[in-house]
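Reader: I would like to go through this structure with you and ask what stands behind each label. Could you take the terms one at a time?

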There are 2 protein chains.
Amino acid sequence: MPLILFATPSLWEDYRDPLSAALAEAGLAAEVVTEAKNPAAVDYIVYAPTSPLQDFTPFTRTKAVLNLWAGVERIVGNPTLTQPLCRMVDPGLTEGMVEWVTGHVLRHHLGMDRHILNPDRIWDQTCPPLARERKVAMLGLGALGLACARALQALNFPVTGWSRTPKEIDGLPAEHGPEGLDRALAGAEIVVTLLPKTAETENILNARTLALLAPGAAVLNPGRGPLIDDEALLAALDAGQVGHATLDVFRQEPLPQDHPFWAHPRVTVTPHVAADTRPSSSSRVIAENVRRGEAGEPLLHLVDRALGY
Amino acid sequence: MPLILFATPSLWEDYRDPLSAALAEAGLAAEVVTEAKNPAAVDYIVYAPTSPLQDFTPFTRTKAVLNLWAGVERIVGNPTLTQPLCRMVDPGLTEGMVEWVTGHVLRHHLGMDRHILNPDRIWDQTCPPLARERKVAMLGLGALGLACARALQALNFPVTGWSRTPKEIDGLPAEHGPEGLDRALAGAEIVVTLLPKTAETENILNARTLALLAPGAAVLNPGRGPLIDDEALLAALDAGQVGHATLDVFRQEPLPQDHPFWAHPRVTVTPHVAADTRPSSSSRVIAENVRRGEAGEPLLHLVDRALGY
């Protein structure tokens with residue numbers, strides 16, 4: 001029976017039940033502990049880089065360190081870590097992002113807020129246009145951006161994608177580069193930013209580019225805080241050029257209590273929840289890797305130490 | 001150039017631009033008027049049963065009366081109406097319903113309201129489960145119910161359908177009849193009612209059936225007001241058995257100002273907007289029928305007077 005050390009006590013409450021369910025589902029009888037009295041007896045370590053465990057030397061028989069995060073940059077350089085390291089590739093992360101983006105796009109599209117908050121009990125039957133009449137710009141066509149674009153296309157939204165480098169994507173008009181950006185944004189009623197943060201993408205939504213959107217457009221940022229010039233967004237909101245912003249990521253997190261986004265009547269703050277590693281789905285990835293380790297099969301998502309990811 | 005009488009002045013503002021765009025799109029040069037100085041010169045009548053026009057006798061050369069509603073029960077028995085009558089089958093109606101249902105399901109699923117209204121600026125990163133962990137019961141598997149079930153399945157929600165009579169539907173578990181109803185509702189976290197109103201479906205959500213749902217479930221009714229026993233729903237909301245209800249249809253519409261649904265903190269009222277005939281898409285149906293009439297082709301959605309629909 002393999003011994004699994006769950007080495008991140010702060011996450012144990014969230015993982016206790018899902019991990020035990022996932023191990024059972026994978027047909028594994030395993031013992032899971034949160035403290036290793038005998039490190040030399042530990043077969044697998046489930047790990048987050050914020051864990052107090054930083055010295056892997058005593059874990060002499062450990063077959064794999066299974067990271068709970070996609071990112072391994074905080075652990076890959078640890079010289080005591082000689083055991084195989086796997087990063088987390090959680091299908092739940094993409095699913096969660098698609099749910100957040102689709103839900104918040106539909107909230108804006110349907111004008112839900114006027115029904116959620118309707119103290120005067122106004123029976124106003126004005127209908128929104130159909131999704132097919134509402135241009136959406138999806139900035140970023142990686143795994144997350146593309147999955148969200150597909151979900152919105154399935155609801156008939158005319159989506160134009162944009163990426164820094166050219167991409168050919170079946171059935172999705174995709175622009176690229178600086179000029180393509182202007183074409184993607186021109187007249188868009190909803191823009192979603194799902195780009196990595198690089199020197200090129202920082203402040204990609206700024207006074208000039210926000211002015212290209214349709215008046216009253218909605219801005220959704222579940223990507224990275226620095227993609228948006230905060231001051232320019234606030235000015236565009238006050239001028240009415242942007243009708244609403246729903247923001248999940250910020251330059252500083254948690255968003256400071258005195259940040260104007262909290263107080264602005266047309267900004268919704270969600271606390272970096274659009275895509276999170278979900279204990280239920282990531283536990284299945286962990287269990288599958290333990291099963292593979294026990295069966296002598298190759299591990300999933302093994303990190304290449306030379307490449308660093 | 002055909003002369004079209006738009007015979008429902010109250011809708012003219014909504015239709016002026018979309019109808020003219022749809023006629024142009026269909027390659028038709030037509031004159032549209034809202035008053036017929038010479039009824040004998042009118043080629044087509046665009047009509048809603050609430051129109052003041054009730055005597056069709058003077059329209060001697062009219063080739064078709066094109067109804068703006070799906071329902072024709074208020075006009076089909078008019079003895080002066082001898083011209084061909086077409087009902088509206090608006091693809092926008094299904095699309096709008098799918099958008100409303102998907103949007104409001106995601107609102108509940110994601111727990112959006114705690115972010116939309118967050119006066120204390122609470123940064124709470126608790127994530128909802130994934131859609132695949134949230135059982136949905138879809139009551140009604142007609143065109144609308146099935147389209148909504150498919151859209152929710154595409155987002156990974158495990159949907160169980162229910163209809164009065166057995167239906168075999170590819171890839172969708174479908175229950176039927178009284179016992180199947182209990183199985184469809186058992187443990188559902190979200191229930192959507194999209195049934196016609198009949199003696200069998202009235203009060204289908206009542207004290208007994210609401211008790212079958214998962215505690216705190218969300219109830220969405222975009223179907224017909226009488227599908228729900230209002231008193232039982234209010235009691236289940238107060239007891240916490242139902243966590244939220246979003247209701248688009250009511251026994252009396254507009255919903256009376258003193259109805260407890262308006263005041264209840266966990267009820268959202270939308271004013272019968274889930275599926276409306278949309279001027280943009282229904283104008284295209286009208287234009288297509290005018291095109292067919294002019295080309296001598298069979299009209300779409302022609303009403304059979306003997307059957308009454």
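Reader: How many residue pairs are in polar contact across the interface of chain A and chain B?

Author: The rule finds 16 such pairs between chain A and chain B, both residues at pLDDT 80 or more. A polar contact is a pair of N or O atoms within 3.5 Å; within protein, one must be able to donate a hydrogen and the other to accept it, and residues adjacent in sequence count only if both atoms are side-chain atoms. Please keep in mind that this is a predicted model, where local features need pLDDT of at least 70, side-chain atom pairs count only at pLDDT 80 or more, and totals for chains, interfaces and linings use all residues. Residues are numbered from 1 along each chain as its sequence is written, chains are lettered from A and ligands numbered from 1 in the order in which they are written, and side-chain values use heavy atoms, with hydrogens and water left out.

Reader: What makes B:R132 and A:E95 a salt bridge?

Author: A salt bridge is a side-chain nitrogen of Lys or Arg within 4 Å of a carboxyl oxygen of Asp or Glu. For B:R132 and A:E95 the N to O distance is 2.7 Å, so the pair qualifies. The count between chain A and chain B is two salt bridges, and over all chains it comes to 30.

Reader: Which helix of chain A gives the most to the side that touches chain B?

Author: That is helix 2, with 13 residues. Helices (H or I, at least four residues) and strands (E, at least two) are DSSP runs, numbered from the N terminus. Contact means heavy atoms within 4.5 Å, and by that rule chain A and chain B each bring 54 residues.

Reader: What area is buried between chain A and chain B?

Author: About 4,400 Å², with carbon and sulfur atoms giving 65%. In chain A, the residues that lose the most area to chain B are A:E99, A:R121 and A:W123, together 19% of what that side buries. Buried area is the accessible area (1.4 Å probe) that two parts lose on being put together, summed over both.

Reader: Why is A:R107 called buried or exposed?

Author: Buried means under 20% relative accessible area, exposed over 50%, and partly exposed in between (1.4 Å probe, protein chains only). A:R107 has 2%, so it is buried. Its salt-bridge partner A:D113, at an N to O distance of 2.6 Å, has 25% and therefore counts as partly exposed.

Reader: How do you know that A:E202 and A:R251 form a salt bridge?

Author: Their closest N and O atoms are 3.4 Å apart, so the pair meets the salt-bridge rule. The two residues sit in distant parts of the chain, 49 residues apart. A:E202 is partly exposed at 33%, and A:R251 is partly exposed at 42%.

Reader: Where do A:K63 and A:E294 lie?

Author: A:K63 is in the loop between strand 3 (44-47) and strand 4 (64-67) of chain A, while A:E294 is in helix 9, 231 residues apart. Their side chains meet in a salt bridge at 2.8 Å, N to O.

Reader: What are the domains of chain A?

Author: Domain 1 covers 3-90 + 277-295 and domain 2 covers 91-269; such bounds come from an automatic or database domain assignment. The two domains bury about 380 Å² between them, and their salt-bridge count is zero.
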